[in-house]
Amino acid sequence: MNQHVFKRATIALVATAAVLGGLAACNPTGGSSTAGQQPRKKTLADLTGPQIATKAIKATKSATSLTMDLEGKSSGEDMTFHMALDTKGDCAGHIKTADGTIQLIKAGATAYLTFDDAYWTSQGKDGQTAKSVIGGRWMKTKATGADAKDLTSSCDLSEVLTGFEGGDTEAKKGALTTVGGVPAITLTERDGAEHYTIYVATEGKPYLLKLVTKGGKEPGTLLLSGFNKPVNAKAPAAKDTVDIDKLGG
C-alpha cells in the first residue's frame, strides 16, 4: 500500500517551519520611541519581518491541536490532504492522491483506515482481494503496526512542530490581508527556484495561517486552522470495523 503520503504532507509543514525559522534568524530590536513621549504600543504589523516570524514560531508551537490542509505536489504526485492532529498523538482526516482516497483515524494506540474503490483498484489483484474481505468497513489495527505506522507516525503535533527552529535568512514584510476571515500579514522569502508567501494572524495569537509555495518541485498551498480545538478522533462503531490484526489467526 502507498502509505507515505501522510508523512510527505507533514514534511510540507516542516518545510514551512524551516522557512519561518530562517526568517526569524535575523531579529533586530526595532526603532526607539521619541524622547519625552509615551511610546505607542506596537501591533504585530509594526514589527519587522523577522520579529513577526519569531512570534509566529512561538505561537504555533504553543498550539495543542490544529488542522492541516494541503493541496499541491509532493514527490511529483498531486495530492490533497486534510488532517486534524494534536499533542496527544491523535489524528483524523483523509488523504487523496492519484491512487485514491485514504481516511485515517488514530485514537490512542489504535488506528482505523478505510479506502475508496479507486484506491483498491490501484493496488491491483492484492487490492481487490483485500476489498473482498474488508469491503466498506474500517480496518482496525495497532497504530505502530506495519499497515499503519507510516501514516500514524506523524500524528503527534509536538513531533511535527519540532522542525520550527532558527536559520540564517531574512523576511520581507508584505501586505495586510485576510485568511479565512482572519486578519493577517504576509511575509515573503525566496530559496532558489522556490518562492514562499507566509501569512501570519494579526489578531489573537500570531499563528501561522497559510503558506503558498511557487516554483520548485513541490508547489502548493498549506493552510493551518482549528488551533486548540478538539480532534474528533472517535473510533468507528464495532460493526463497521474489521480487526486485521486478528485475521489469519
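User: Let's start in the sheet: which residue of E4 stands opposite Ala92?
Analyst: Keep in mind that this is a predicted model. Strand E3 covers residues 91-97 and pairs with E4 in the antiparallel sense, over 7 bridges. Ala92 belongs to that E3 stretch, and the residue standing opposite Ala92 in E4 is Ile105.

User: How many residues sit between E3 and E4 in their hairpin?
Analyst: E3 runs over residues 91-97, while E4 takes up residues 100-107. The two strands form a hairpin, and the number of residues between them is 2.

User: And on the other side of the story, which residue is the bridge partner of Ala107 in E5?
Analyst: E4 also pairs with strand E5, residues 110-115, again in the antiparallel sense. That pairing runs over 6 bridges. For Ala107, the bridge partner in E5 is Thr110.

User: Which residue in the hairpin of E4 and E5 takes a positive phi?
Analyst: This hairpin has 2 residues between its strands. The phi in question is near 65°, and the residue that takes it is Gly108.

User: Why is E4 described as largely enclosed by the rest of the structure?
Analyst: E4 pairs with E3 over 7 bridges and with E5 over 6 bridges. A residue counts as buried when its relative accessible area is under 20%. E4 is largely enclosed because, of its 8 residues, the number buried is 6.

User: Which strand gives the most to the largest nonpolar core?
Analyst: Nonpolar side chains tend to be buried together in soluble globular proteins. Here the largest such core has 53 residues, with Leu104, Leu113 and Val200 making the most contacts inside it. The strand giving the most to this core, with 5 residues, spans 194-201 and is E9.

User: How many residues are in the other core, the one with Trp138?
Analyst: This core lies apart from the 53-residue one. Its members include Ala84, Trp138, Val231 and Ala233, and its residue count is 7.

User: Zooming out, what share of the chain's residues is buried?
Analyst: The protein chain has 6 helices and 12 strands. It exposes about 12600 Å², with carbon and sulfur atoms supplying 51% of that area. Out of 249 residues, the buried share is 43%.

User: On to charges: how far apart are the closest N and O atoms of Asp78 and Lys73?
Analyst: Side chains of opposite charge can pair when their charged atoms come close. Asp78 is partly exposed at 49% relative accessible area, and Lys73 is partly exposed too, at 35%. They form a salt bridge, with the closest N and O atoms apart by 2.8 Å.

User: Which residue of helix H4 does Asp117 meet in a salt bridge?
Analyst: Asp117 is in helix H3, residues 117-122, and its partner is 14 residues away in H4, residues 124-134. The N to O distance is 3.1 Å. Asp117 is partly exposed at 48%, and the partner, partly exposed at 29%, is Lys131.

User: Is Lys239, the partner of Asp240, buried or exposed?
Analyst: Lys239 and Asp240 form a salt bridge with 3.3 Å between the closest N and O atoms. Asp240 is partly exposed, at 31%. Exposed means over 50% relative accessible area; Lys239 has 68%, so it is exposed.

Methods
Residues numbered from 1 in each chain as written. Predicted model: local features only at pLDDT ≥ 70, side-chain atom pairs only at ≥ 80, totals over all residues. Heavy atoms only, no water. Buried < 20%, exposed > 50% of the residue type's maximum accessible area, 1.4 Å probe, protein only. Helix = DSSP H or I, 4+ residues; strand = E, 2+ residues; numbered from the N terminus. Pairing = 2+ DSSP bridges. Core = buried A, V, L, I, M, F, W, Y, C linked by side-chain atoms within 4.5 Å. Areas by Shrake-Rupley, 256 points an atom, 1.4 Å probe, with all protein chains shown as cover. Salt bridge = Lys/Arg side-chain N within 4 Å of Asp/Glu carboxyl O.
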